[in-house]
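The following exercises concern a strand arrangement and enclosed spaces. Each task is followed by a worked solution.

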Amino acid sequence: MEIWGYFYTFATMMNIFTEIISQQLQLPKTGVDNTLKLLDEGCTIPFISRYRKEKTGNLNEVQITQISDLNDKLKELSKRKETIIKTIAEQEKMTPELQQRIEQCWNATELEDIYLPYKPKRRTRAQVAREQGLEPLAQIIMLQRERNPKQAALRFVHGDVITSTELALQGAKDIIAEDINENEQSRNQLRAAFRREAIITSKVVKAKQDTDEAQKYRTYFDFATPLKRCSSHQLLAIRRGENEGILRVSISPDDERAISRLQHQYVRFHSPCGTLIEEAAEDCYKRLLKPSIENEFAALSKERADEEAIRVFVENLRQLLLSAPLGQKRVMGIDPGFRTGCKIVCLDAQGNLLHHEAIFPHPPVAHRMQATVAVQQMIQKYKVEAIAIGNGTASRETIEFLKDLNDPKVFKDLKTPSLFTVSEDGASVYSASALAREEFPNEDVTVRGAVSIGRRLMDPLAELVKIDPKSIGVGQYQHDVDQSKLKHSLDQTVVSCVNTVGVNLNTASQHLLMYVSGLGPALAKNIVAYRKENGEFKTRSQLKKVPRLGPAAFQQCAGFLRLPTSPNPLDNTAVHPESYAIVEQMAHDSNCSVQDLISNKTIRESINLQKYVTESVGLPTLNDIIKELEKPGRDPREQLEEFEFDPNVKDIDDLVEGMILPGIVTNITNFGAFVDIGVHQDGLVHVSQLANRYVKDPNEVVKLHQHVQVKVLEIDYRRQRISLSMKGINSTN
């Protein structure tokens, strides 16, 4: 049988995608269309958002990412339509009308409803009944004209299979039930009921009720709430409890009302046939339709919860990656411990390992004086300017030990460098990774972990990109959400952050370079190899000599790479090489050098940007150029601040309700913020306790690693939970 020309031309498909994306995202068609073309040409999202504003209509990175993601979904849907058309055509059931419906459908749920009657399925009761010749009886009943359906069923009693009218009528009802289940109107009607009134319910499995692992799900032992109001973290917690066999979960509307509506849809008047249809409809609802729609809404609600959890994770990761860097300082990194001692490394300003050793200032060994002398000597020998202490076991004790070095009675001439507490999350993952083994093949995992702690202080972004984002410790339920979507979103976030900050071409590691727009692992490796063989890069244009780094890759990456020592000052800015001629013309017209243009605000303010507008370069790009010239090569991240916990509070037993303590925000969720107050257990500031006003999103009030003051509200020693409040304490309130 002929297939009626389903396969669109590429141009037609692009036009359709442009229309759909523009409508769904409420964005101008021209901007969407040009963005899709740029993506198809291999341009990256950071490059498009930064250097192609005229083409996109000044769309930002978030909007371009949404366009890219929706475009990918439409491509997948298009492939699914190809499969469906091919399958129906092979059954020789394709018609021009059906083909048109499929072609014009761009809703995944609607598409699957269209396909359902033709979808290959396991042997069903209805199929068996059809094979037994009972479909005509089902049709007679559905017409509702037969006054005595039992009499009509007698004609279908035969042989050893259909031995009674009851069996014949049951087979006919099975066919009717399947037809109702595959009817689009029936499915949409029940979907509407689920959307309006579905309740998600969880009950504890009694055999698990008193187990320790069940206690964290106590809130959901007897829980019910409208599905549409169930928050992301609630739903993910319930589903995790279900997966662990602790909770039983169901989603359902009012069954009686739903069955009644379904029966009303098919029964025209009370009659024996009508009664049979009512029975078939009830069976359909309980056996086929409700389980199907319940699974659909379970999957849909899980998908939405995943999206929200991923959004929160992505925002936390972005804040973490863009944390304030100390910069190129000589740093001592310490991985603290009791029995195994404190592992210490000394790093130069570029993060290279100069020295490492272990000290034992704490019990049970308690060689405090030897440890003191060792630290003093290391600080003096390696001219240490700052110390990074991991926030794990023995962190507080190690900080107190280091503070004692400031005592003039102990060392008159020694001033202890600034102390900073650094998150250890993921350090052990890095230290055991192939990348760490490649960097430090002759050092053990403890040394590698301490190096990671020290480098995180110097430049969090450069160090954290080496670690799987899921191991960094800023997500909730990251192992419960769709892993492919999570990885995609987190990878996009890392790329965005790296390119927002920019990368020093001469000091960046291979792993950091691979996230630069247009590069990737192979070109990053080639850049590092070229750098080792030929020495530092002098100019951006020298990148073109790197093997396999062609014009397209150069265009995508050049603007995000920095060269502070280049003779061309523009090489240390976000001004793209393709715009150098514009800046040079500005300087020429102002009778000055490019350096004068950068250093002299008066000259910049005198420039008439309209004079430099062309068909390809508009005011958005020109304004970006001027902003970059104002602060060339500036780091968009904030300045690092020192922090100190309350010295009198070291353990959860030291806490008293009503205490006001300093803390650091370690994680942000939809339901509040977790704050480290120095007792080895983060406390929770519920969203209702963040401020003296309604807070919809905790990010309105707090940011990751923000220094805050909190009040202790409640301490649950059994579950090791601390409730905190920020109401009326911080300036943000």
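A cavity is a set of grid points where a 1.4 Å probe fits but cannot get out, and its volume is the space filled by probe spheres set on the points. The model examined here is predicted.

**Exercise 1.** Determine how many cavities of 30 Å³ or more the structure holds, and describe the lining of the largest cavity.

*Solution.* Step 1: the search of the whole structure yields three such cavities. Step 2: the largest cavity has a volume of about 90 Å³. Step 3: its lining includes Ser232, His233, Glu308, Tyr477 and Phe671. Step 4: α13 (232-243) and α15 (272-321) each give two or more residues to this lining, and α15 supplies the largest share, four residues. Step 5: sorted by class, the lining has six nonpolar, five polar and one charged residues.

**Exercise 2.** Describe the lining of the second largest cavity.

*Solution.* Step 1: this cavity holds about 60 Å³ of space. Step 2: among its lining residues are Arg50, Tyr51, His576 and Asp624. Step 3: the elements giving two or more residues are α3 (45-51) and α29 (619-630); the largest share, three residues, belongs to α29. Step 4: the classes are four nonpolar, three polar and two charged.

**Exercise 3.** Establish the strand order of the open sheet and identify its edge strands.

*Solution.* Step 1: three strands, paired antiparallel, follow the order β2-β1-β3. Step 2: β2 (222-226) and β3 (247-252) each pair on one side only and are the edge strands. Step 3: five bridges join β1 (residues 199-204) to β2; Thr201 has Ala224 of β2 as its bridge partner.

Technical notes:
Residues numbered from 1 in each chain as written. Predicted model: local features only at pLDDT ≥ 70, side-chain atom pairs only at ≥ 80, totals over all residues. Heavy atoms only, no water. Pairing = 2+ DSSP bridges. 1 Å grid on protein atoms, 1.4 Å probe; cavity = no way out; pocket = protein on both sides within 12 Å on 5 of 7 lines; lining within 4 Å. Nonpolar A, V, L, I, M, F, W, Y, C, P; charged D, E, K, R; others polar.
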